[in-house]
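Colleague: Could you take me on a close look at the core of this model and the side-chain pairs that go with it? I would like one connected account that I can follow with the structure open.

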Amino acid sequence: QVQLVESGGGLVQAGDSLNVSCVVSGLKFDQYALAWFRQAPGMEREFVAGIDWFGGNRRYADSVKGRFSIDRENGDNALYLQMNELTPEDTAIYYCAAGLDSDLTQRYDFWGQGTRVTVSA
């Protein structure tokens, strides 16, 4: 059974930093590209950041470029997202996903349940 379990969300103030994590089990971790998506209330799920299977290629949405950093640790089956200079516009549920290296939701086969990040002004 494939499981992706996110953690690390919470309530922070604008300008703060937060690191969210995702631990994956039940699949061959180092054979999948991974990504973070987010979904704000009333909005569609959107791509945030992605990383290929060995960590050599990282991509970011324009809205988070320069503030967020994605990383993976294949030995621990873990995916991370370091978020700096948070703004209220970053408020959303953050999901990790495993699949093909893409910014499209339909390219990812496996999803976590999400972790909520709330940024107050």
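**The core and its side-chain pairs**

Modeller: Happy to! The largest nonpolar core has 32 residues, and the members that touch the most others are Trp 36, Val 48, Phe 68, Leu 79, Leu 81, Met 83 and Tyr 94. At least two core residues come from each of strands E3 (18–25), E4 (33–39), E5 (46–51), E7 (68–73), E8 (78–83), E9 (92–99) and E11 (115–120). E9 gives the largest share, with 5 residues. Please keep in mind that this is a predicted model.

Tyr 94 is a good place to begin. Setting aside neighbours within four places in sequence, Tyr 94 is in contact with Trp 36, Val 48, Phe 68, Leu 81 and Met 83, among others. Its contacts also include Glu 6, Phe 37, Arg 38, Gly 114, Thr 115 and Val 117. Two of these names, Phe 37 and Arg 38, will come back below.

Now turn to Leu 18, which lies in strand E3. Leu 18 counts as buried because its relative accessibility is 14%, and the cut-off for buried is under 20%. Beyond residues up to four places away in sequence, Leu 18 touches Gly 8, Gly 9, Gly 10, Val 12, Leu 81, Gln 82, Met 83, Leu 86 and Val 117. For a sense of scale, the C-alpha atoms of Leu 18 and Gln 106 are separated by 27 Å, with their positions 88 residues apart along the chain.

Next, the rings. The whole structure holds 6 aromatic pairs. In one of them, Tyr 32 and Phe 110 have ring centres 6.0 Å apart and planes at 70 degrees, so the pair is edge-to-face. This pair links distant parts of the chain, 78 residues apart: Tyr 32 is in the loop between E3 and E4, and Phe 110 is in strand E10 (residues 108–111). Phe 110 counts as partly exposed, with 25% relative accessibility. Phe 37 and Tyr 108 also form an edge-to-face pair, at 5.4 Å centre to centre and 75 degrees between the planes. Here strand E4 supplies Phe 37 and strand E10 supplies Tyr 108, 71 residues apart. Both Phe 37 and Tyr 108 are buried. Ring pairs join these two with Phe 47 and Trp 111 in a cluster.

An arginine also meets rings. Arg 45 lies over the face of Tyr 95, 3.7 Å from the ring centre. The charged end of Arg 45 sits over the ring of Trp 111 as well, at 4.9 Å from its centre.

Finally, the charges. Side chains of opposite charge can pair when their charged atoms come close. The count here is 7 salt bridges. Asp 90 bridges to Arg 38, with the closest N and O atoms 2.9 Å apart. Asp 90 is in the loop between E8 and E9 and Arg 38 is in strand E4, 52 residues apart. Asp 90 and Arg 38 are both buried. Arg 67 forms a salt bridge with Asp 90 too, at 2.8 Å between the closest N and O atoms. Arg 67 sits in the loop between E6 and E7, 23 residues from Asp 90, and Arg 67 is buried. With Glu 46, these three residues are linked in a network of salt bridges.

Elsewhere, Asp 101 and Arg 59 meet in a salt bridge of 2.8 Å, N to O. Asp 101 lies in the loop between E9 and E10 and Arg 59 in strand E6 (residues 58–60), so the pair ties together parts 42 residues apart in sequence. Asp 101 is partly exposed at 38% relative accessibility, and Arg 59 is partly exposed at 24%.

Definitions and conventions:
Residues are numbered from 1 along each chain as its sequence is written. This is a predicted model: local features need pLDDT of at least 70, side-chain atom pairs count only at pLDDT 80 or more; totals for chains, interfaces and linings use all residues. Side-chain values use heavy atoms; hydrogens and water are left out. A nonpolar core is a set of buried Ala, Val, Leu, Ile, Met, Phe, Trp, Tyr and Cys residues joined through side-chain atoms within 4.5 Å. Buried means under 20% relative accessible area, exposed over 50%, partly exposed in between (1.4 Å probe, protein chains only). Helices (H or I, at least four residues) and strands (E, at least two) are DSSP runs, numbered from the N terminus. Contact means heavy atoms within 4.5 Å. Rings of Phe, Tyr and Trp (its six-membered ring) pair if their centres lie within 6.5 Å; planes under 30 degrees apart count as stacked, over 60 as edge-to-face and the rest as tilted. A charge sits over a ring if NZ of Lys or CZ of Arg is within 6 Å of the ring centre and within 35 degrees of the ring normal. A salt bridge is a side-chain nitrogen of Lys or Arg within 4 Å of a carboxyl oxygen of Asp or Glu.
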